[in-house]
Amino acid sequence: MLRTFFTLVMSFRTLLALVTPGKTAAFFSCTSQLGAIRQSHTVSSCDHRLKAISFGHCQRHLNCWRQICTKRTLSALCTMNSSVEAEEMTIFFKEDTYGGVIIDPKSITNFSAEAFGAELDSNLETWQTCNKRGVWLKIPTAQSHLVPVAVSRGFDFHHASPGAAMLTKWLPSTPCTLPHGPSHQVGVGAFVLNESNEMLVVQEKSGPVGGMDFWKVPTGLINSGEDLGDAAIREVKEETGVDAKVDSILMFRHSHGFNFGTSDLWFVVKMIPTTFELTAQESEIAAVRWMPVEEFQEQPRLKNSPLHAQVGRILAASKSSGYEGVSYTKLLSRISSSREAYLYHNKL
């Protein structure tokens, strides 16, 4: 019995010794380490476990780990009845760049509500001891039975998308500084001007101006991950059958109180047509035509709306008086991450 005890103590000391600064951040769980100790009696098995799970910001985690183990280790080491199935029921997470944690949604796929609650409680205690801040928990639709469990522990909805809901919890006693959920929808309008100074316009079957005797530019919302120019090209093709290329961004409007309380950014893109045959989109467009810009400006509904009248004046100015919009350049950002993005700016 004494020999077994010393073997366990040496295993634990080896575990602490192996946690050294400089490890690459990866999915990390203090509770999984305790589970490994309960399941394993030998130094070699602890070594294997550490290869599977490394630490980010290791010195800080090591100090936290010592505090946690002071309270939990002896009871954990003396409990040797953990099964393989129990070890698999572990929440894995990674640390974000703001001192919070992001739970790996794949690690919660097999939890019952009861098991998830127990594991979440254990991790919340650990994260608070480690002075973590915000906790991000993405629950897939297939695991929606876990939502009440999280809500009962202080999580709240942040946003939802098809297939999953994101919940958050702020751990410190200070005011929450987590960013709000997605607040804006982004749309485009296409000012397509042909060589005869005629603009491409449509009448809609549905929507805010559906069924009205009102001609407008082709418009639509940007899809997730879609660039402004690509969205304008797509909307023009879908609604009118015309192919067009982007010239510049003429203006944008920022407004509030749209669908379900969202705000709205609407960009007007000047475009040059490369085909001219018109085909109205059957499901959404009642009519499509080429219209002189002056006739577009004279529409009573447009003239009675100060904002839309100003839009009409800007469109007219862009074809005749040298009014220019902004161009854009696709550039690589390498400060905090490596990704390409469009930078919109005046022509240099």
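**Loops with a positive phi, and a cluster of tyrosines**

Phe260 lies in the loop between β9 (244-255) and β10 (263-273). Let us start our walk at this residue, keeping in mind that the model is predicted. The phi of Phe260 is near 55°, a positive value in a residue that is not glycine. Why mention the sign at all? Most residues other than glycine have a negative phi. Phe260 also counts as exposed, because its relative accessibility is 87% and exposed means over 50%.

A second residue invites the same kind of look. Asn131 has a positive phi of about 60°, although Asn131 is not a glycine. You will find Asn131 in the loop between α6 (113-129) and β3 (134-140). With a relative accessible area of 63%, Asn131 is exposed.

From these loops, let us move on to the aromatic rings. A search of the whole structure finds six aromatic pairs. A pair of aromatic rings is described by the distance of the centres and the angle of the planes. Take Tyr328 and Tyr342: their ring centres are 5.1 Å apart and their planes stand at 85°, so this pair is edge-to-face, the label for planes over 60 degrees apart. Tyr328 belongs to strand β12 (residues 327-333) and Tyr342 to strand β13 (residues 339-345), so the pair ties together parts that are 14 residues apart in sequence.

Are these two tyrosines buried or exposed? The reply falls in between: Tyr328 is partly exposed, with a relative accessible area of 29%, and Tyr342 counts as partly exposed at 27%. Partly exposed covers values between the limits of 20% and 50%, which means that both residues fit there.

Tyr328 has another partner as well. Together with Tyr344, Tyr328 forms an aromatic pair that is tilted, with 5.4 Å from centre to centre and 45° between the planes. This pair, too, links distant parts of the chain: Tyr328 is in strand β12 and Tyr344 in strand β13, 16 residues apart. Tyr344 is partly exposed, at a relative accessible area of 31%. Put the two pairs together and a wider picture appears: ring pairs link Tyr328, Tyr342 and Tyr344 into a cluster.

One last stop brings a charge and a ring together. Which residue has its charged end over the ring of Trp215? Look for Arg289: its charged end sits over that ring, 5.6 Å from the ring centre.

Methods: Residues numbered from 1 in each chain as written. Predicted model: local features only at pLDDT ≥ 70, side-chain atom pairs only at ≥ 80, totals over all residues. Heavy atoms only, no water. Phe/Tyr/Trp six-rings, centres within 6.5 Å; stacked < 30°, edge-to-face > 60°. Helix = DSSP H or I, 4+ residues; strand = E, 2+ residues; numbered from the N terminus. Buried < 20%, exposed > 50% of the residue type's maximum accessible area, 1.4 Å probe, protein only. Lys NZ or Arg CZ within 6 Å of the ring centre and 35° of its normal.
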